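Student: I would like to go through this model with you and ask, term by term, what justifies each label.

Tutor: Then let us have it in front of us, and set each value against its cut-off.

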Amino acid sequence: QPAVVGKPIVLHIEYASVEGGVSNCPAAPDGSCRASSAFDGGAVVDPDLAVDLTAQAQAFNALLLEANGRAAIGGFYASADYPIVSLLDKSASPYGKPAQDVLTFWYQKLTGR
């Protein structure tokens, strides 16, 4: 593992809680991929795409489990967090979703708090 000079690496992680979100490719009708931001704020983009709260939580856990053993990783933050209201929607916000519990667990484990 290469030596880290100066600052540790901080991971910026984002997974939409929608079918295809963990591969960063929620499908559009034309076969292309939608951006995670298309689902921000509870936007109803495509009713045919299912909400997938479990896959989002599992993706966060898998990434942070792997990062935990790496000395160069100094922290993480989840983008698209919308802490104003809990939305069990397709957005990438983990607030109020199972992913929030995963992030809380890893934050406490990594910081000792």
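Tutor: Along the sequence the protein runs in the pattern β-α-β-α, with two helices and two strands, and what we are looking at is a predicted model.

Student: What are the overall dimensions of the protein, and how much of it counts as buried?

Tutor: Taken along the principal axes, the C-alpha atoms fill a box of roughly 45 × 30 × 20 Å. Of the 113 residues, 33% count as buried, a word that requires under 20% relative accessible area. The protein exposes about 6700 Å², of which carbon and sulfur atoms supply 56%.

Student: Why is Phe-76 called buried?

Tutor: Phe-76 has 19% relative accessibility, and the label applies under 20%, so Phe-76 counts as buried. The residue is found in strand E2.

Student: Which residues is Phe-76 in contact with, once its neighbours within four places in sequence are left aside?

Tutor: Phe-76 is then in contact with Val-10, Leu-11, Ile-13, Leu-64, Leu-103, Trp-106, Tyr-107 and Leu-110, where contact asks for heavy atoms within 4.5 Å. Between Phe-76 and Val-10, which are 66 residues apart along the chain, the C-alpha atoms are separated by 5.0 Å. For the protein as a whole, among contacts between residues at least 6 apart in sequence, 67% join residues at least 24 apart.

Student: What makes a set of residues a nonpolar core, and which members of the largest one touch the most other members?

Tutor: The members must be buried residues of the nonpolar kinds, joined through side-chain atoms within 4.5 Å. The largest such core has 14 residues, of which Ile-13, Phe-60, Leu-64, Phe-76 and Leu-103 touch the most other members. At least two residues of this core come from each of strand E1 (9-13), helix H1 (53-68), E2 and H2, and H1 gives the largest share, five residues. In soluble globular proteins, nonpolar side chains tend to be buried together.

Student: How do you know that Cys-25 and Cys-33 form a disulfide?

Tutor: Their sulfur atoms are 1.8 Å apart, and the rule asks for a pair of cysteine sulfur atoms within 2.5 Å, so the pair of Cys-25 and Cys-33 qualifies. By this rule the count comes to one disulfide. With -75° about the S-S bond, the link is left-handed.

Student: Are these two cysteines buried, exposed or partly exposed, and what decides the label?

Tutor: Cys-25 has 26% relative accessibility and Cys-33 has 44%; because partly exposed covers the range between 20% and 50%, that label applies to Cys-25 and to Cys-33.

Student: What sets the backbone of Asn-24 apart, and why is Asn-24 called exposed?

Tutor: Asn-24 has a positive phi of about 60° although it is not a glycine, and it lies in the loop between E1 and H1. Its relative accessible area is 52%, and exposed means over 50%, so Asn-24 falls in that class.

Student: How many salt bridges does the structure hold, and what makes Asp-46 and Arg-34 one of them?

Tutor: The structure holds three salt bridges. The side chains of Asp-46 and Arg-34 meet at 3.2 Å, N to O, and the limit is 4 Å, so the pair counts as a salt bridge. Asp-46 is buried, with a relative accessible area of 13%, and Arg-34 is buried at 16%.

Student: What is the evidence for the pairs Arg-70 with Glu-66 and Asp-89 with Lys-97?

Tutor: For Arg-70 and Glu-66 the closest N and O atoms are 2.6 Å apart, and for Asp-89 and Lys-97 the figure is 3.0 Å, N to O, so both pairs satisfy the limit of 4 Å. Arg-70, at 41% relative accessibility, is partly exposed, as is Glu-66 at 47%, whereas Asp-89 is buried at 10% and Lys-97 is buried at 2%.

Student: Which residues form the nonpolar patch on the surface, and why can Tyr-82 belong to it?

Tutor: Tyr-82, Ile-84 and Val-85 form the patch, with about 300 Å² of accessible area together. Patch members need over 30% relative accessible area, and Tyr-82 has 37%, so Tyr-82 meets that requirement while counting as partly exposed. Tyr-82 is placed in the loop between strand E2 (73-78) and helix H2 (98-111).

Note on methods
Residues numbered from 1 in each chain as written. Predicted model: local features only at pLDDT ≥ 70, side-chain atom pairs only at ≥ 80, totals over all residues. Heavy atoms only, no water. Buried < 20%, exposed > 50% of the residue type's maximum accessible area, 1.4 Å probe, protein only. Patch = residues over 30% accessible without salt bridge, like charges linked within 9 Å, V, L, I, M, F, W, Y side chains within 5 Å. Areas by Shrake-Rupley, 256 points an atom, 1.4 Å probe, with all protein chains shown as cover. Helix = DSSP H or I, 4+ residues; strand = E, 2+ residues; numbered from the N terminus.
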